[in-house]
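Reader: I have a few short questions about this one. Please walk me through it.

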Amino acid sequence: MRDALRQGLARLRAFFGKAAMDRDLDAEMSSHLAFAIEENLRRGLSPEEAARQALVRFGGVAQAKERHREARSLPALDTLLQDLRYTLRTLRRDRGFAAIAVLILALGMGANVAVFSVVNTILLRPLPFRDPQRLVWMASNRGVGGLSYVTYTVGVYEAFQRHNRSFQEVTAYQPFFGSSEYLMTGRGEPRQYTAVMVAENFFPMLGIKPVLGRLFTPEECHKGGRPAAMLSEYLWRHQFGADPSIIGRSIDLNLRPTTIVGVLPASFDFGSVFSPGARLDLFVPAVMDDIRNWGNTLAMLGRLKPGVTLAQAQAEVDVLMPQLYTAHKSEWFFDYPTAMSLLKDHVSGKLRRSLIALWSAVGLILLIVCVNLSNLLLARAAARGKEFAMRSALGAGRARVVQQLLTESLVLAGGGALLGLGIAWGITAYLARQGSIALPLLSTVRVDGAALGWTLLVAVTAAVLFGLAPGIKISGGNLQDVLKDGGHGMSAGRRHDRTRAVLVISEVALACVLLVGAGLLLRSFLHVLDVDLGFQPERAAAIQVVYDDGGKIERRGAILQEMLHRVDAIPGIQAAGIVDMLPLDRNRSWDFQAKGRVYRPGEIGAAFVYIATPGYLRAIGMQLLEGRDFTWQDTSTSERVVIINEAAARYHWPGQDPVGRIARTGGRDIKVIGVIRDVHESSVESGSGIEMYLPATQADPEGAELVVRTALPPDALASAVMHTLRKYNPLEPAAEFRTIQSIVDHATSPRRFFAMLVAIFAGLGLLLAALGIYGVISYSVSRQTQEIGVRMALGASAGRVQLAVISSTLRLALAGVAAGTLVSFAAARSIAALLFDTQPGDPLTFASIALVLSAVALLAGYLPARRASRVDPVVALRQN
Amino acid sequence: MPDKKLDLLQGTLDVMVLQTLAAMGALHGYGIARRIEQASGDAVLLNQGTIYASLVRLQQRGWISAEWGTSDNNRKAKFYTITKRGRKQLANDTAYWQRLSGVMGRLFAMQDEGGGQ
């Protein structure tokens with residue numbers, strides 16, 4: 001064993017020290033011959049005879065050297081190097097082919113590696129927390145409904161924390177980020193930040209350690225503790241210039257001096273895990289006693305004890321929650337039926353199907369690339385038929401020829417992989433910066449070690465796939481056949497033609513599957529864009545505003561009215577209003593029922609609540625179906641009023657006119673004064689929930705968004721609006737003007753992301769298929785030049801020749817489309833869950849894809865056909 | 001790849017080289033080749049060049065060592081000597097060959113007995 005190792009090392013040394021060892025051997029052999037000649041001379045031979053006999057006894061010098069090399073070094077590696085050198089030489093001679101092959105491969109591999117990186121980041125890689133596989137997400141109401149449904153009160157959180165036996169630790173954060181808006185003042189322009197309130201053990205449970213300073217102390221998390229805040233690394237770098245002395249300093253948050261106690265590591269991006277598409281950079285302690293009366297306000301997660309499974313924890317909570325509810329009946333709203341899932345599944349589970357579809361799409365691309373390359377190599381190999389025939393005539397074994405061809409494809413694949421990695425790196429770097437795409441963990445996408453491994457795997461697989469078929473084909477050929485086949489002018493090489501036809505057909509079929517999938521997803525996306533949202537995003541924009549009413553509801557009306565009055569006066573503003581939450585942005589629910597009606601248990605008793613000023617409905621473009629909008633005469637002392645949507649009217653007053661009826665919310669009567677058309681409040685793709693709108697003069701809003709409808713593009717008015725707001729309130733933060741369209745876009749961004757990527761891949765597939773068809777037809781035309789010449793000499797018209805070429809193209813394409821359509825039916829069914837308002841067998845999509853593919857095939861066949869029809873019989877016949 | 005017969009031959013030559021070096025001390029390649037030829041009564045007709053593949057292999061395994069030196073008649077030559085580990089290997093090989101030749105001998109004797117049929 002040790003000897004073998006020693007020998008292996010020595011062989012490796014010898015491999016690299018080839019020249020020196022050869023010199024040494026030469027010297028040794030010449031001294032050997034000198035000894036032999038000397039001895040022969042002593043035996044009385046003539047000098048010539050002495051030399052001759054010495055050489056005879058020595059045997060072949062070249063063979064001895066060869067054996068010496070084989071014995072001392074790594075012959076397989078030698079052969080490989082030889083093949084490599086040969087390959088590089090031939091590829092250099094054929095630069096055009098090499099460039100096209102590498103480019104095609106690079107596109108295929110780039111797409112594959114980029115998508116792998118995304119899949120790896122979102123789906124495969126564990127979450128960036130300590131022991132993430134034991135982290136569990138808890139969703140109340142079995143995860144159904146808006147944020148208020150799936151969250152818990154402080155009381156529930158504390159009771160569960162105390163009584164459960166499945167979890168090592170349970171923690172929580174406050175996901176209604178709007179209720180923790182913090183105005184940072186005293187450092188340049190005032191800025192508004194969305195802070196996340198986290199429980200004391202939030203960071204420790206996830207295993208997050210600060211890079212600077214410390215985590216929150218218990219005192220800071222209790223009522224009356226010193227206000228403290230932690231910064232994300234991003235905020236620290238961009239807002240505080242990465243100044244380490246910031247730790248322990250005080251900043252003004254909502255006019256309260258607050259100590260910055262620590263900076264979180266750059267690897268911790270709260271938004272990318274818990275609120276994809278949002279930046280959340282400021283963290284404050286959730287002081288439980290302060291938020292005890294906020295209703296359902298905490299999102300809960302826990303760390304399982306070692307050995308406890310998710311199912312066991314689920315079984316426990318199913319029993320525990322009703323028990324706790326019985327014990328706390330007076331304080332709890334209901335029994336909090338909880339659905340548990342691994343945190344990882346909560347974060348990325350919904351994307352699994354989309355990602356797998358995306359992965360399959362790039363897999364198809366790679367197959368198409370391989371088929372294309374196979375075709376190219378086959379054409380090249382046919383052209384090199386004589387070379388290979390010569391080599392096997394000279395004694396190269398079949399394995400040796402295949403090895404040579406595989407080396408060639410590996411070199412091409414290697415080149416493609418390198419360029420592809422570059423492409424993938426570009427794509428991932430681009431994606432990582434797309435903060436507005438609501439996909440979890442997207443900001444951490446990068447080409448990492450796993451992606452490199454994947455690249456290697458893909459490259460080798462591809463090389464074998466596209467290199468092996470031509471290799472076997474050629475090396476298996478009968479020498480005579482090859483030499484004959486190499487002749488000119490005949491539509492010979494039927495065997496090759498058949499292989500190539502099969503390759504083209506499969507390429508078209510693969511492209512067809514890809515296009516149908518992309519077509520269905522694109523159609524779904526268009527349907528999503530067409531959804532009537534219940535408001536008009538065009539030419540409307542929102543900006544966060546702050547105002548100081550001292551917490552007194554009776555002062556609020558006058559302040560808001562004056563602010564809106566000034567904004568309204570800006571030229572170009574058509575309508576303005578203020579609301580606390582924008583649709584598709586954030587939501588919360590309050591209890592809401594028709595007065596006097598008896599509800600069965602399990603019936604919905606809550607509604608999404610929006611607190612707005614007069615003018616808001618008009619500004620955002622919601623349509624009042626009946627009744628009236630709020631007015632400034634609806635004050636804290638006048639009758640309490642509410643506007644509901646159609647869904648609320650249908651649910652609570654079925655078949656009746658709700659206007660003028662009395663509802664109950666927060667234990668008080670409230671009169672319905674209007675009904676608006678349904679609004680998609682939480683998702684574009686799911687329907688409308690039950691909504692109620694309350695006047696800001698009668699209920700307490702969570703934050704404030706000024707919504708304006710403009711005659712000009714909203715951006716043109718941004719500075720004028722900002723100027724007006726600043727003049728009115730110097731503390732107005734430097735906030736972004738957000739178009740309402742951007743909020744809608746954000747909500748549809750995951751679908752857009754997937755649809756666009758798949759569409760790009762399908763386009764790539766179509767292009768590759770077209771190239772493949774063109775290559776094959778054009779090749780067969782050039783091989784049949786002489787035959788075409790004969791036909792034309794015998795009287796075939798140019799049109800007839802053209803028709804013949806085009807019809808053979810179409811035959812291939814149609815066969816491919818037919819096969820592809822069959823496969824597509826199955827493939828479409830597997831992505832049915834990803835479609836919106838689109839049938840998997842959508843005839844329009846299928847028909848148009850078939851048409852597009854045929855048209856592209858026609859075009860790809862037309863160019864060679866035209867060339868064929870221009871063949872001059874005289875020239876063609878003279879070619880031999 | 002060399003086939004089976006060649007493998008056996010290589011192995012045989014390796015043992016011959018080791019034995020020659022063990023018996024004769026330091027020798028150069030030509031000397032080893034001649035010794036083997038002489039010892040076999042010129043029954044082994046060696047392509048002398050093949051000995052160098054054997055020598056480099058043995059050297060890489062650490063069973064012999066080599067050094068350039070000067071011969072009696074003042075000619076530069078590479079001299080090989082057997083190492084300690086080479087001697088151990090030779091002892092193993094000797095035992096193997098003796099056992100093998102014993103077995104072969106008995107096998108051939110058996111054939112003789114049956115030869116009367």
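**A strand, its neighbours and the wider fold**

Author: This is a predicted model. Start with strand β18 (residues 641–645) of chain A, which is mostly covered: five of its five residues are buried.

Reader: Which residues point the one way from β18(A), and which the other way?

Author: All are buried, whichever way they point. Val642(A) and Ile644(A) point to one side of β18(A). The other side takes Val641(A), Ile643(A) and Asn645(A).

Reader: Which strand does β18(A) join through five bridges?

Author: The two strands run parallel. In that partner strand, Ile676(A) is the bridge partner of Asn645(A). The strand is β20 (residues 668–676) of chain A.

Reader: What is the bridge partner of Ile643(A) in β21(A)?

Author: β18(A) also pairs with strand β21 (residues 691–695) of chain A. Here the sense is antiparallel, over two bridges. The partner of Ile643(A) is Tyr693(A).

Reader: Where do domain 3 and domain 5 of chain A lie in the sequence, and how many Å apart are their C-alpha centres?

Author: The domain assignment gives 153–335 for domain 3 and 547–732 for domain 5. Their contact takes seven residues from domain 3 of chain A and seven residues from domain 5 of chain A. On the domain 3 side, these divide into three nonpolar, three polar and one charged. The C-alpha centres lie apart by 29 Å.

Reader: What is the radius of gyration of chain A, against that of a compact globule?

Author: The C-alpha atoms of chain A fill a box of roughly 135 × 80 × 55 Å along the principal axes. A compact globule of 880 residues would have a radius of gyration near 29 Å. Chain A has 37 Å.

Reader: How many residues of chain A are in contact with chain B, and how many of chain B with chain A?

Author: On chain A, helices α1 (2–16), α2 (18–42), α3 (47–58) and α4 (61–72) each supply at least two residues of the side that touches chain B. The residues of that side divide into nine nonpolar, seven polar and seven charged. The contact takes 23 residues of chain A and 17 residues of chain B.

Reader: Is helix α3 (residues 51–60) of chain B mostly covered or mostly exposed, and which residue just after α3(B) takes a positive phi?

Author: Nine of the ten residues of this helix are buried, so by the cut-off of 20 or more other C-beta atoms within 10 Å the helix is mostly covered. Among the buried ones are Tyr52(B), Leu55(B) and Arg57(B). The positive phi, about 85°, belongs to Gly62(B).

Methods: Residues are numbered from 1 along each chain as its sequence is written. Chains are lettered from A and ligands numbered from 1 in the order in which they are written. This is a predicted model: local features need pLDDT of at least 70, side-chain atom pairs count only at pLDDT 80 or more; totals for chains, interfaces and linings use all residues. Two residues are in contact if their C-beta atoms, placed from the backbone, lie within 7 Å. Helices (H or I, at least four residues) and strands (E, at least two) are DSSP runs, numbered from the N terminus. Ala, Val, Leu, Ile, Met, Phe, Trp, Tyr, Cys and Pro count as nonpolar, Asp, Glu, Lys and Arg as charged, and the others, Gly among them, as polar. A residue is buried if 20 or more other C-beta atoms lie within 10 Å of its own, exposed if 12 or fewer, and partly exposed in between; C-beta atoms are placed from the backbone. The radius of gyration is taken over C-alpha atoms; the globule rule is 2.2 Å times the number of residues to the power 0.38. Domain bounds come from an automatic or database domain assignment. Two strands pair if DSSP finds at least two bridges between them.
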